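Student: I should like a close look at one single part of this structure, with a connected account of its surroundings. Please choose the part and proceed step by step.

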Amino acid sequence: RRRPIPPLLVLLAPPRLRSHQVVSSIVRLAHVLSSLLRLIKKGHREVVADAAAARSTSTNHRSTRSLPLPPVATSLSLMHPLSSSSASAAPATHRLRLWWRRLGRRGAAGAAAFAFALLAAAFFLLSPSRDASAPSTSSYPSYGHRLPTLVDLTLVAGAKERGAVCLDGTPPGYHWLPGFGEGSDKWLLHLEGGSWCRNLTWCAQRKETNLGSSDHMERRAEFVGILSDDELQNPDFYNWNKVKVRYCDGASFSGNVEEEFQEDGTPFFFRGQRIWEAVMSELLSKGLSRAKEAFLTGCSAGGLSTYIHCDDFRALVPKASTVKCLADGGFFLDVYVLDLILRLLYFIMARPVPLPSQLP
């Protein structure tokens, strides 16, 4: 008969082992160990009884060894456990039974403890930490409730013919995760950030990275946070069309220099505005032109680009649609504005206004 497991055993288990399936497995394991302990005790009692019977038989055998036996008895004595044919095996068996008897209750307890430790180790090592058939209550670090979706890189078709290229002349790209259900006609666009290249030295270094060339962009991107398709992690936009536009022009998708720039034989292309137009043109053909709701966002340099292109984005989608723009940490104070602020401060403090070359 199975005995109920005290609740304290379940409470002492680690938090990740308190799910219904794991607790059931622990209960079954406890019942198995309980049955094993009963079998060990029963086997110990049987061994003790066999040892006592063996001693009694051995004593009777010694007391009758000197009496003459009839021929039939002589032939039957060959079948006795302690006859001459089994004399070599009898001492080993007898010693084993005596060893079990010496162990007594301590031996049974030790065997039970060893069996418990062995089964517990097998359970913790072989059982999965989370049940694949049910959603987990724990989370992966920084990923929410499950691993993120990997979305392939798409290079803009015909971008080179339109002059919409990255710093090194390679075509721009984006990652698109199609929407589903009620979010199939809703779009979220995220403009990637990554600062600016402020001079040719920085731009030359940038060309050798994913921020200046699509040749160095990873072929697949993890969609997490606001781009995730996990409802538990991203309940507002999980089923929307989500696009991550890669940043490779070095100027917040705003440059539009017609001529190729050369420096020591190294070409540079500053075509951020054309990249924006090429990407939007391709997304419009994929369903953005029918969007009922549209959301443009970006971080850092992409946040500044959100300010720059918000009105253009509003003009691209149907007038009846709802459009929002969000710049996430992308505000750059204009140098000219900073110059005016410094001059105003000097004026208030009644100090001589310095020349521009004297300003910090």
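Tutor: A residue is called buried when its relative accessible area is under 20%, with a 1.4 Å probe and protein chains only. With that cut-off in hand, let us turn to helix α6, bearing in mind that the model is predicted.

Helix α6 covers residues 272-285, 14 residues in total. From its first C-alpha to its last, α6 reaches 21 Å, close to the expected 20 Å. Of the 14 residues of α6, 10 are buried, so the helix is largely enclosed by the rest of the structure. The buried set consists of G272, Q273, R274, I275, W276, A278, V279, M280, E282 and L283; charged residues such as R274 and E282 are listed among them. After the helix comes G287, with a positive phi near 130°.

What do the buried residues of α6 pack against? Their partners are five strands, β1 (149-155), β2 (173-177), β3 (186-191), β5 (241-245) and β8 (293-299), together with helix α7 (301-316). The helix lies across these strands and runs at about 160° to β3.

The strands in question belong to an open sheet of 7 strands with mixed pairing, in the order β4-β1-β2-β5-β3-β8-β9. At its edges stand β4 (220-223) and β9 (322-328), each of which pairs on one side only. On average, neighbouring strands are turned by 25° against each other, direction ignored.

Within this sheet, β1 has an antiparallel pairing with β2 over 3 bridges, in which L153 has H175 of β2 as its bridge partner. An antiparallel pairing also joins β1 to β4, over 4 bridges, and here L150 stands opposite E222 of β4. In a regular strand, side chains alternate between the two faces of the sheet. Edge strand β4 has a covered face with A221 and F223, whereas R220 and E222 are on the uncovered face.

The helical partner of α6 deserves a closing look. Helix α7 lies across β3, β8 and β9, and runs at about 155° to β8. Strands β3 and β8 are thus also among those that α6 lies across. One residue of α7 is S305, which counts as buried because its relative accessibility is 0%. Apart from neighbours within four places in sequence, S305 is in contact with L191, S252 and F253.

Terms used:
Residues numbered from 1 in each chain as written. Predicted model: local features only at pLDDT ≥ 70, side-chain atom pairs only at ≥ 80, totals over all residues. Heavy atoms only, no water. Helix = DSSP H or I, 4+ residues; strand = E, 2+ residues; numbered from the N terminus. Expected span 1.5 Å × (residues − 1). Buried < 20%, exposed > 50% of the residue type's maximum accessible area, 1.4 Å probe, protein only. Contact = heavy atoms within 4.5 Å. Pairing = 2+ DSSP bridges. Axes fitted to C-alpha atoms, helices over the stretch in contact; angles between N-to-C directions.
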